[in-house]
Amino acid sequence: MAESFGVDAERYDRTRPPYPETMVNRIVADSPGPGVLDVGCGTGIEARQFRAAGCTVLGVEPDARMAEFARRAGLAVEVSTFETWDPAGRTFDAVVAGQAWHWVDPVKGAAKAAAVLRPGGLLAAFWHVFEPPADVALALADVYRRLLPHAPDLGSMAQRPLDGYQVMFTKAADGIRAAGGFGEPEQWPFDWERHYTRDEWLDQLPTSGALTRLPADRLAEVLDEVRAATDPGGFTMHYTTVAVTARRTGG
């Protein structure tokens, strides 16, 4: 699944939400310098934001299609998984990962980050937790439960999403502790909202991991059911973007 998102890189980049500027600015402020390594950079959504904040960004991305899209935006990207990537002696002030660290081995990834971070450098892995209004969540969960009974996470959309994501945040923090070389991990939450029309939401849905590998006819069936269950005027999505962070120790 980790390498399925490039099937429609343009749609992914167009529809996936950016990250809160408050989070980007805090990571930049808490890093000892402007050198950023973006792990699993995808099409470059967060890389462009860090570049706009004054950083020099190098991306590492396992999907060549996503990497090529990011390069067209002027980003430097090397195609590799993070665990096997060769830093060639390069070091960085921050290692970041947006919607990607769960595809990285939590201990090996943290150890690799520690190896390429300068003393005092920051590791920041962050994810969007989305929470639609209760009526929308119930309707969408019903569609997924009927049509995608084996899909991860989507069937629990009507539950408290932040609680479900906490397992992933804890796994990332435990991996950092096990790898060593970092201070105690922290969680930084950032709350924000975004309004989606029905068409905007339907445009984004095919970029979710449970849908990227569906045959075209099956995907169309899911989207038709979601369209029927969603008000044309759309809805306001509540997001909490959570960054799991830790500072590199030692000299």
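So, C55: with a relative accessibility of 8%, this cysteine counts as buried. Keep in mind that we're looking at a predicted model here.

Does C55 have a partner, then, and which cysteine comes closest? The closest cysteine sulfur belongs to C41, and at 15 Å the two are too far apart for a bond. C41 is tucked away as well: its relative accessibility is 3%, so it counts as buried. And if you count disulfides using a cut-off of 2.5 Å between cysteine sulfurs, you end up with 0 of them. C41, just like that, is in no disulfide, with the sulfur of C55 as its nearest one, 15 Å away.

Okay, on to strand 2, residues 56-61. How much of strand 2 is covered? Mostly covered, it turns out: 5 of its 6 residues are buried.

Who sits beside strand 2? On one side there's strand 1, residues 35-39, and the two pair in the parallel sense over 5 bridges. If you want to find that pairing on the screen, look for G35, which stands opposite T56 of strand 2. Then go to D38, and you'll see G59 of strand 2 opposite. To get from strand 1 to strand 2, the chain goes through helix 3, residues 45-52, and that β-α-β crossover is right-handed.

Strand 2 also pairs with strand 3: those two run parallel, joined by 4 bridges. One pair to look for is V60, whose bridge partner in strand 3 is E78. Here the chain passes through helix 4, residues 64-72, on its way from strand 2 to strand 3, and this β-α-β crossover is right-handed too.

Now let's zoom out to the whole sheet. It's an open sheet of 7 strands, and if you walk across it the order reads 3-2-1-4-5-7-6, with mixed pairing. As a reminder, strands in a sheet pair through backbone hydrogen bonds, in either a parallel or an antiparallel way.

Which strands stand at the edges? Those are strand 3, residues 76-79, and strand 6, residues 186-196; each has a single partner strand, so one side of each has no neighbour in the sheet. From one strand to the next, the twist averages 20 degrees.

Last thing, helix 2, residues 21-30: this helix packs on the sheet. What does helix 2 touch there? Strand 4 (92-98), strand 5 (117-131), strand 7 (235-247) and the edge strand we just met, strand 6. The direction of helix 2 makes about 150 degrees with that of strand 6.

Key
Residues numbered from 1 in each chain as written. Predicted model: local features only at pLDDT ≥ 70, side-chain atom pairs only at ≥ 80, totals over all residues. Heavy atoms only, no water. Pairing = 2+ DSSP bridges. Axes fitted to C-alpha atoms, helices over the stretch in contact; angles between N-to-C directions. Contact = heavy atoms within 4.5 Å. Buried < 20%, exposed > 50% of the residue type's maximum accessible area, 1.4 Å probe, protein only. Right-handed = clockwise from strand over helix to strand, strands pointing away.
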